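The following exercises concern the strands of one sheet and the helices that pack on it. Each task is followed by a worked solution.

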Amino acid sequence: MIADEIRIVLAAKADALVRRSVDALETLIHPDFVYVNASGRKLDKAAYIDVGCISGRLIFRDQQVSELDVRQFDEFAVATMLLNDRFVFEGKEVSETFRSLCVFSKKAGHWQWIAGQTMRPPSP
C-alpha cells in the first residue's frame, strides 16, 4: 500500500534528522529537491541537509507523523500530514505541530523526497 511505503520514507527521514546523518538524508532526497520551511525560507537539498544535520542551529530530538494522507499519481506521490516535532532551535527547546505537504518520486523502485512545504496548522 502506498501510504505504508511513504510512511517508511518519512520514518527514515525523521531518523536521519535525529541522528544528524548526512549520508542517510542524502539518499532520501532527490538532487533537485526544493523545500519551503515554516518560516517561509526556500531551501535546496544542500541547504536542507546543512540546516538539519550540519550547522547545529536546528537539532531534532523527535519527529512523529500523524494524519498521513497519500495520493499516488503514476510515479509520483503527494502526502499531507501533521508533523509533531521536538527540536532545539538556536539553543531553545521547541515542541510544535506543523502541517506538511511532501512530494515523492519513484526511481529504480525507491521513493525519493523531491519537494515539500511546512506551516503551522490553523488554530482550531
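Two strands pair if DSSP finds at least two bridges between them. The model to which this criterion is applied here is predicted.

**Exercise 1.** Determine how S3 and strand S4 pair, and which residue in S4 stands opposite isoleucine 59.

Solution.
Step 1. S3 and strand S4, the latter covering residues 76-89, are joined by 13 bridges in the antiparallel sense.
Step 2. Within this pair, the residue opposite isoleucine 59 is valine 88 in S4.
Step 3. A further pair of opposite residues is glutamine 64 and asparagine 84 in S4.
Step 4. S3 and S4 form a hairpin that leaves two residues between them, and aspartate 74 in the turn shows a positive phi of about 55°.

**Exercise 2.** Carry out the corresponding analysis for S4 and S5: in which sense do they pair, and over how many bridges?

Solution.
Step 1. The sense is antiparallel, and the pairing of S4 and S5 extends over 14 bridges.
Step 2. Threonine 80 faces leucine 101 in S5 as its opposite residue.
Step 3. Two residues lie between S4 and S5 in their hairpin, where glutamate 90 in the turn has a positive phi of about 50°.

**Exercise 3.** State the strand order of the open sheet and identify which strands stand at the edges.

Solution.
Step 1. The order of the six strands is S2-S1-S6-S5-S4-S3, with mixed pairing.
Step 2. Strand S2 (42-44) and strand S3 (58-73) each have a single partner strand, so each has one side without a neighbour in the sheet; these two are the edges.
Step 3. On average, neighbouring strands of this sheet are turned by 20° against each other, direction ignored.
Step 4. Helix H1 (residues 2-19) packs on the sheet and touches S3, S4, strand S5 (92-107) and S6, its direction making about 165° with that of S3.
Step 5. Helix H3 (residues 45-54) also packs on the sheet, in this case touching strand S1 (29-36), S2, S3 and S6; the angle between its direction and that of S1 is about 70°.

**Exercise 4.** Is threonine 118 buried or exposed?

Solution.
Step 1. Threonine 118 belongs to strand S6, which spans residues 110-119.
Step 2. Its relative accessible area is 5%, and the buried class lies under 20%.
Step 3. Threonine 118 is therefore buried.
Step 4. Apart from neighbours within four places in sequence, its contacts include Tyr35, Val36, Leu83 and Phe98.

Key: Residues numbered from 1 in each chain as written. Predicted model: local features only at pLDDT ≥ 70, side-chain atom pairs only at ≥ 80, totals over all residues. Heavy atoms only, no water. Helix = DSSP H or I, 4+ residues; strand = E, 2+ residues; numbered from the N terminus. Buried < 20%, exposed > 50% of the residue type's maximum accessible area, 1.4 Å probe, protein only. Contact = heavy atoms within 4.5 Å. Axes fitted to C-alpha atoms, helices over the stretch in contact; angles between N-to-C directions.
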